[in-house]
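The report below describes a single chain and its ligand, moving from strand pairing to the ligand shell and then to the helix and core.

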Amino acid sequence: MSDHTHGRALSATERTRHRRLREQGGIDRADLDAVLAEGFLCHLGVRVDGHLRVLPTVYGADAETLYFHGSVASRSLVQAPGTEVCLTVTHLDGLVLARSVFEHGVNYRSAMIFGTPRPVTDPEEKLTGLRLLTEQAAPGQWDYARRPSRKELAATALLALSLDEASVKIRTGPPDDGDGPDAGLPVWAGVLPMRTVRGPLEADPLLSEGHTPPPHLTALTTKGI
Ligand SMILES: Cc1cc2nc3c(=O)[nH]c(=O)nc-3n(C[C@H](O)[C@H](O)[C@H](O)COP(=O)(O)OP(=O)(O)OC[C@H]3O[C@@H](n4cnc5c(N)ncnc54)[C@H](O)[C@@H]3O)c2cc1C
C-alpha cells in the first residue's frame, strides 16, 4: 500500500479536520495505510430505512479503496451504495492510568473514512476485492482454500469505498498529568499495554485424519496484531 501513497498528505476536508486533541491527528497518508494494514475489522456506520446502525464487519484495502462485503440479502449493504457512510478502524494499544480520573484515557490508532460506497459488479474487481478481504485477515488462504463458486459470488455483495476522505488519530505515551498539579499525589500512574493475540490453531473436530495446518496458518499464530 505505502509504495503508492508514500509522501502523500491525508485529505483535509471540513469533515476530517480534527478540532479537539489535534496533536493526535495524523496528517500523512502513510498513517492511514499503516492503520488499515494492521487490521481487518472495521465498524460501518450506515443509515438503513432512516435509522443509523453501526455494523462490525471485515474489510480488505489496497492503495485507493477499501472493500467490505456481505449477503446480497443484507439491507445495510443493499442500501449503503445510495447513502453516505462513515467507517472506522480501531486498534487499542493501552489503558492510560493517570493520577486523576479526569486524565485517564487510552492509547490507540484509529482511522475514520467518509464516502458513498459503490457496489462492485465487475467480475474481475469482485474477485480482486474478495481476495484482498481474505488475504487481509489470513494471508495465504485465498490460494489455499476453495475459491468462491459462481453461485456463491452471486450471493455476495461487495462494496468499494474510496480512501479519498479519511482521517487518522493516534495517541501514544504516558498520562498527561505527570507535570501538572496532580504530580505530587501518592497515586501510581502509567500505562497498561493491551494487545490482540492469536492463540494456537484449533483443528475442526470433523477434520479427517492426515490434515496438518499449512505453514501460512502456523505462521499466523506467532504474528502479533
Ligand atoms: C478506543 C478509543 C476510545 C476513546 N475514548 C474516548 C472517550 O472516552 N472520550 C473522548 O472524548 N474521546 C475518546 N476517544 C477519542 C474519540 O475517538 C474522538 O477522537 C474524540 O472524542 C474527539 O471527538 P470530536 O467529535 O470532538 O472530534 P473532532 O475533532 O470534532 O472530529 C473532527 C474530525 O476529526 C476526525 N476524528 C476525530 N476522532 C477521530 C478518531 N478517533 N479517529 C480518526 N479520526 C478522528 C474525524 O474525521 C472527525 O470528523 C477514543 C478513541 C478511541 C480510539
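Within strand 4, F68 is the bridge partner of Y59. The coordinates belong to a predicted model, in which local features need pLDDT of at least 70 and side-chain atom pairs count only at pLDDT 80 or more, while totals for chains, interfaces and linings use all residues. Residues are numbered from 1 along each chain as its sequence is written.

**Strand pairing**

Strands (E, at least two residues) and helices (H or I, at least four) are DSSP runs numbered from the N terminus, and two strands are said to pair if DSSP finds at least two bridges between them. Strand 3 and strand 4 (residues 65-71) are antiparallel, with three bridges, and they form a hairpin with three residues between them. The antiparallel pairs are set out below.

| Strands | Bridges | Orientation |
|---|---|---|
| strand 2 (residues 41-48) and strand 5 | three bridges | antiparallel |
| strand 2 and strand 3 (residues 51-61) | eight bridges | antiparallel |
| strand 5 and strand 6 | eleven bridges | antiparallel |
| strand 5 and strand 10 (residues 190-193) | four bridges | antiparallel |

Individual partners help to place these pairs in the model. G45 has C86 of strand 5 as its bridge partner, and H43 stands opposite P56 in strand 3. L92 stands opposite Y108 in strand 6, whereas L97 stands opposite G190 in strand 10.

The hairpin of strand 2 and strand 3 has two residues between the strands, and D49 is found in that loop. Most residues other than glycine have a negative phi. D49, however, has a phi near 50°, a positive value in a residue other than glycine. D49 is also exposed, because 7 other C-beta atoms lie within 10 Å; a residue counts as exposed with 12 or fewer such atoms within 10 Å of its own C-beta, as buried with 20 or more, and as partly exposed in between, the C-beta atoms being placed from the backbone.

**Ligand shell**

The ligand is surrounded by 15 residues, of which the closest are R19, S110, M112, S167 and K169; a residue is near the ligand if its C-beta atom, placed from the backbone, lies within 6 Å of it. Strand 5 (85-97), strand 6 (105-115) and strand 9 (165-171) each supply at least two residues of this shell, and strand 6 gives the largest share, five residues. By class, the shell holds six nonpolar, five polar and four charged residues, where Ala, Val, Leu, Ile, Met, Phe, Trp, Tyr, Cys and Pro count as nonpolar, Asp, Glu, Lys and Arg as charged, and the others, Gly among them, as polar.

**Helix 4 and the core**

In helix 4, the buried residues are K126, G129, L130, L132, L133, T134 and Q136. They pack against strand 3, strand 4, helix 5 (141-144), helix 6 (150-154) and strand 8 (156-162).

The largest nonpolar core, a set of buried Ala, Val, Leu, Ile, Met, Phe, Trp, Tyr and Cys residues joined through C-beta atoms within 7 Å, has 32 residues, and L32, Y59, L66, Y67, A111, I113 and L159 are those with the most contacts inside it. Strand 8 contributes the largest share of this core, four residues. Leaving aside neighbours within four places in sequence, L159 is in contact with residues including Y67, F68, L77 and A80, contact meaning that C-beta atoms placed from the backbone lie within 7 Å.

Note on methods:
Two residues are in contact if their C-beta atoms, placed from the backbone, lie within 7 Å.
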